[in-house]
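Biologist: I'd like a close look at one single part of this model, please. Pick it apart slowly, and tell me how the pieces connect.

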Amino acid sequence: MVPAMPGGPVMDLGYMLQPKLVATHSFSDAPALDVLLVPGGFGPVTLEQNNDTSIETFLRRRFDQLEYLLSVCTGSAILASSGLLNGHRATSNKALWSWVTTHGENVTWVPSARWTEDGKIWTSSGVASDAAGIDMMYAFLKHLYGEDDPNLVATMNAIEYTPHTDPHWDPFSIVHDVPGHANGNLESCVKPVGTHSRDD
């Protein structure tokens with residue numbers, strides 16, 4: 001869902017992807033949902049700056065009807081602000097960790113995690129931080145359909161991606177020096193762009 005009103009202005013993402021997205025429903029007339037994915041990026045920051053809580057209100061209203069609620073990147077800040085992460089484990093983008101973790105009460109923020117699963121709530125680290133969002137979606141689809149599902153296997157082969165299946169493997173908690181990150185070093189994993197070992 002795009003946070004725009006039906007018939008309203010088109011969200012033009014042409015500078016990134018070329019498609020144009022038009023909302024087909026508003027929060028007031030959205031159909032029943034089984035799974036809801038809340039994206040992140042800088043959208044939650046902008047919504048907060050504009051005191052726009054429409055997404056939080058929608059999430060609180062629909063949460064009990066959902067089978068699963070997922071977030072990617074800073075989308076977990078929206079889940080936390082809505083109160084839905086209270087008493088749950090969650091993670092988020094590590095570059096904006098200090099901002100995201102100011103949201104919500106009684107949230108167990110997991111600093112070293114590509115994704116977390118806590119009941120029907122799944123959260124992932126950054127959208128593109130080494131594809132943590134893709135890794136969470138792979139784990140989620142595997143949870144729903146099984147690891148040997150032919151469509152899942154075909155999709156992963158088509159996009160030529162080998163997912164990281166360890167939710168605790170999170171080099172970006174080290175890169176961004178997130179408080180409480182697991183001990184480790186970048187030599188134990190594929191190094192993110194711009195990082196160098198002491199021997200380089």
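Modeller: What follows is a walk through the sheet, strand by strand, and then through what packs around it.

A bit of housekeeping before we dig in. This is a predicted model, so to speak a calculation: local features need pLDDT of at least 70, side-chain atom pairs count only at pLDDT 80 or more, and totals for chains, interfaces and linings use all residues. Residues are numbered from 1 along each chain as its sequence is written, and side-chain values use heavy atoms, with hydrogens and water left out.

The chain has 7 helices and 8 strands; these are DSSP runs numbered from the N terminus, with at least four residues for a helix (H or I) and at least two for a strand (E). Your sheet is an open one of 4 strands, in the order 3-4-8-7, with mixed pairing. Strands count as paired if DSSP finds at least two bridges between them. At the edges sit strand 3 and strand 7 (115-118), each pairing on one side only. From one strand to the next the twist averages 10 degrees.

Let's start at the strand 3 edge. Strand 3 runs parallel to strand 4, and 4 bridges join them. Leu-37, for example, has Leu-70 in strand 4 as its bridge partner. On strand 4, Tyr-68 and Leu-70 point one way while Leu-69 and Ser-71 point the other way, and all are buried (under 20% relative accessible area with a 1.4 Å probe, protein chains only; exposed is over 50%, and partly exposed is in between). That fits the general pattern, where side chains in a regular strand alternate between the two faces of the sheet.

Next along, strand 4 pairs with strand 8 in the parallel sense over 3 bridges, and Leu-69 stands opposite Ile-121 there. Strand 8 (residues 121-124) also splits its side chains: Ile-121 and Thr-123 go one way, Trp-122 and Ser-124 the other, and all of these are buried.

The pairing flips at the other edge. Strand 7 and strand 8 run antiparallel, with 4 bridges between them. They make a hairpin with 2 residues in between, and Gly-119 in the turn has a positive phi of about 65 degrees. Glu-117 has Trp-122 of strand 8 as its bridge partner, and Trp-115 stands opposite Ser-124. Packing on this sheet is helix 5 (residues 132-145), which touches strand 3, strand 4 (68-71), strand 7 and strand 8, and whose direction makes about 155 degrees with that of strand 8. Touching here is contact, meaning heavy atoms within 4.5 Å; the axes are lines fitted to C-alpha atoms, for helices over the stretch in contact, and angles run from 0 to 180 degrees between N-to-C directions.

Now zoom in on the aromatics. A search of the whole structure finds 4 aromatic pairs. Rings of Phe, Tyr and Trp (its six-membered ring) pair if their centres lie within 6.5 Å, with planes under 30 degrees apart counting as stacked, over 60 as edge-to-face and the rest as tilted. Tyr-68 and Phe-140 have ring centres 5.0 Å apart and planes at 80 degrees, so that pair is edge-to-face. Because Tyr-68 lies in strand 4 and Phe-140 in helix 5, the pair ties together parts that are 72 residues apart in sequence. Both Tyr-68 and Phe-140 are buried, and ring pairs link Tyr-68, Trp-122 and Phe-140 into a cluster.

Finally, the cores. A nonpolar core is a set of buried Ala, Val, Leu, Ile, Met, Phe, Trp, Tyr and Cys residues joined through side-chain atoms within 4.5 Å. In the largest one, with 24 residues, Leu-36, Leu-59, Leu-69, Leu-79, Leu-85 and Trp-109 touch the most other members. Two or more residues each come from strand 3 (35-38), helix 2 (54-62), helix 3 (75-81) and helix 4 (97-100). Helix 3 gives the largest share, 4 residues. A second, separate core of 9 residues includes Tyr-68, Leu-70, Trp-122 and Phe-140, so to wrap up, the members of that ring cluster turn up again in this core.
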